[in-house]
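Hi,

Here is the structure I promised to pass on. Have a look at it first, and then read my notes below.

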Amino acid sequence: MIHEIIPVGILGCNCSVIGDETSREAMVIDPGDDPDQILGILKRHGLALKTIIVTHAHIDHIGGAARLRAATGAPVYMHQDDTILSDRLDLQAAWLGVETPENPGIDTPTREGDMLRAGSIEAAVLHTPGHTPGSISLYLAAENKLIAGDTLFRGSIGRTDLPGGDSAEIMKSIRGKLYALPESTIVIPGHGGSTTIATEKTSNPFVRG
Ligand SMILES: [Zn+2]
Ligand SMILES: [Zn+2]
């Protein structure tokens with residue numbers, strides 16, 4: 001499997017470009033900005049984008065989705081519960097002092113238990129609310145990887161003081177769903193470096209397993 005992780009936008013959101021080496025089909029997770037850079041990676045690997053996934057509707061994760069869809073025709077998958085945030089991208093842009101990006105809307109609403117695909121690659125959707133109501137994490141069992149959005153970070157957890165945040169919910173999501181994954185699972189957070197479930201269970205100061 002091809003997997004490139006690139007920090008996009010001014011907040012350095014980790015955008016994942018994941019490609020199937022056989023079918024050359026790809027999924028992009030969290031295209032927060034810099035769609036031209038993402039398109040360049042797809043082109044360099046000879047990949048056709050089939051699936052755009054937004055882990056949650058914060059501007060740094062969703063901001064480039066409409067432009068990426070316009071360039072590729074790939075549908076946007078997101079959880080319905082985050083439309084309260086994507087409907088106010090103008091407010092989010094004002095907080096950050098950036099231009100308001102186009103709201104991509106949702107082509108296919110996604111929820112707990114869905115399997116999102118590109119070629120032979122399968123990403124299981126875990127609904128992990130708390131950072132936002134519609135936050136999802138993506139578990140690629142065959143690759144032993146978790147794309148955690150802004151729910152779980154290396155040594156930290158997502159903030160819950162923004163609109164729609166809920167600290168009890170994020171604890172429940174992490175303990176009930178993420179810490180239930182195999183301990184060797186590699187966690188790729190929405191910002192910063194990677195970690196593993198085992199490391200966070202034993203040393204995360206906010207949520208011990
Ligand atoms: Zn966020
Ligand atoms: Zn973020």
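First, a term you'll need: donors are N, O and S atoms within 2.8 Å of the metal (3.2 Å for Na, K and Ca), and as water is not among the atoms, sites may look incomplete. Four donors count as tetrahedral if all angles lie between 85 and 135 degrees; four count as square planar and six as octahedral if opposite donors are over 155 degrees apart and all others between 65 and 115; anything else is irregular.

Some ground rules. This is a predicted model, where local features need pLDDT of at least 70 and side-chain atom pairs count only at pLDDT 80 or more, while totals for chains, interfaces and linings use all residues. Residues are numbered from 1 along each chain as its sequence is written, chains are lettered from A and ligands numbered from 1 in the order in which they are written, and side-chain values use heavy atoms, with hydrogens and water left out.

Now the zinc ions. Ligand 1 is held by His56 (NE2), His58 (ND1), His131 (NE2) and Asp150 (OD), at 2.1 to 2.3 Å. Its 4 donor atoms make angles of 88 to 168°, so the site counts as irregular. Along the chain, the donors of this zinc ion follow the spacing H-x1-H-x72-H-x18-D. Distant parts of the chain meet here: His58 is in the loop between strand S4 (48-53) and helix H2 (59-62), and His131, 73 residues apart from it, is in the loop between strands S8 (121-127) and S9 (136-140). (Helices, H or I with at least four residues, and strands, E with at least two, are DSSP runs numbered from the N terminus.) Both His58 and His131 are buried, meaning under 20% relative accessible area; exposed is over 50% and partly exposed in between (1.4 Å probe, protein chains only).

For ligand 2, the protein donors are Asp60 (OD), His61 (NE2), Asp150 (OD) and His191 (NE2), 2.1 to 2.2 Å away. This site is irregular too, with angles of 88 to 156°. Asp60 and His61 are both buried. What links the two zinc ions? Asp150 coordinates both, and they are 3.5 Å apart.

Last, helix H3 (residues 65-72). Its buried residues are Ala65, Ala66, Leu68 and Arg69. They cover an arc of only 160° around the axis (taken from the directions from the axis to the C-beta atoms), so they sit on the same side of H3. After H3 comes Gly73, with a positive phi near 80°.

Cheers
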